[in-house]
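Good morning, and thank you for making time for this. I would like to go through one structure with you, beginning with a pocket and then turning to the way some of the helices pack.

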Amino acid sequence: MSDALQSQDLSDINILDNQPFTETDHEILKSYEAAVDGLAMLIGEHCEIVLHSLEDLKCSAVRIANGQHTGRKIGSPITDLALRMLHDMADAESNVSKAYFTKAKSGDLMKSVTIAIRNRKQRVIGLLCINMNLDVPFSEIIKSFVPEEKQEVTSDVNFASSVDDLVAQTLEYTIEEVSNDRNVSNNAKNKQVVLNLYEKGIFDIKDAINQVADRLNISKHTVYLYIRQFKSGE
């Protein structure tokens, strides 16, 4: 076999780019650390979330939540299965593995999925692995999705189909909210609606002020005035 052919074969086998990571690569991976913590908080302690950097496979785990399920911690090496998932996702159009089942060292059954993290050149620089322990008692899993007795439940979330709908629906809800508040006089209701919308961040949306002004039958300058008064503490 010629050196050229042998080199080509090796490049096909070795799907990892050995080029050093750039500062941007590190920043991209760093940005996923919050996702690890957020997913763990959302799903619960029965789910392990691991962020791998492919810069050094000997200590690839750079962020981990609920590592007690596999005994891993920051600095743990990549697994053979993660490498296999990486090989399967080498195609530039594939970023998410199929869900798969494995056994942890403890014998617990895990359901997992692996997500490829790419840089601007589409090079895979990291993996986000989500591993759910299916042997955790179902009552504990359900418990993580149910608010505790003393925990306050946040008000309804508005899942609008567009930003215009979001503004319109939030505006209608806020008008109803203020109308039912007996502590707000009729003359002050429009101002209170504007202030409530400001606190909800609605005016961060482009053209929201125009929508609010039209619905409340006031000028947009009045809306701006109410917001300025609120900011100045008047």
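If we sort the residues that line the largest pocket by character, we find six nonpolar, eight polar and five charged. Please keep in mind as we go that this is a predicted model. The volume of this largest pocket comes to about 370 Å³, and among the 19 residues lining it, those closest to the centre are T70, R72, T79, T102 and K103. As for where the lining comes from, at least two residues each are supplied by the strands β1 (47-53), β3 (100-103), β4 (109-118) and β5 (124-133), and also by the helix α4 (80-88).

Let me now move to the helices. Two packed helices are described by the angle between their axes and the distance between the axes.

Take helix α6, residues 163-179, and helix α7, residues 189-199, whose axes come within 9 Å and cross at roughly 130°. Angles of 65 to 115 degrees count as roughly perpendicular and those over 145 as roughly antiparallel, and α6 and α7 are therefore oblique to each other. Their crossing is right-handed. On the α6 side the contact is made by T170, L171, T174, I175, E177, V178 and S179, and on the α7 side by K189, Q192, V193, N196 and L197, a group that divides into five nonpolar, five polar and two charged residues.

How, then, do α8 and α9 cross? The axes of helix α8, residues 208-216, and helix α9, residues 220-232, come within 8 Å, with a crossing angle of roughly 110°, and the two are therefore roughly perpendicular to each other. Here I209, N210 and A213 of α8 meet K220, V223, Y224 and I227 of α9, and the contact residues comprise five nonpolar, one polar and one charged.

Methods: Residues are numbered from 1 along each chain as its sequence is written. This is a predicted model: local features need pLDDT of at least 70, side-chain atom pairs count only at pLDDT 80 or more; totals for chains, interfaces and linings use all residues. Side-chain values use heavy atoms; hydrogens and water are left out. Axes are lines fitted to C-alpha atoms, for helices over the stretch in contact, and angles run from 0 to 180 degrees between N-to-C directions. Helices (H or I, at least four residues) and strands (E, at least two) are DSSP runs, numbered from the N terminus. Angles under 35 degrees count as roughly parallel, over 145 as roughly antiparallel, 65 to 115 as roughly perpendicular and the rest as oblique. A crossing is left-handed if the near helix is turned anticlockwise from the far one by less than a right angle, and right-handed if clockwise. Contact means heavy atoms within 4.5 Å. Ala, Val, Leu, Ile, Met, Phe, Trp, Tyr, Cys and Pro count as nonpolar, Asp, Glu, Lys and Arg as charged, and the others, Gly among them, as polar. On a 1 Å grid over the protein atoms alone, a cavity is a set of points where a 1.4 Å probe fits but cannot get out, and a pocket is an open set with protein on both sides within 12 Å along at least five of seven lines; lining residues have an atom within 4 Å of a point. Grid points are joined across faces, edges and corners, and a volume is the space filled by probe spheres set on the points.
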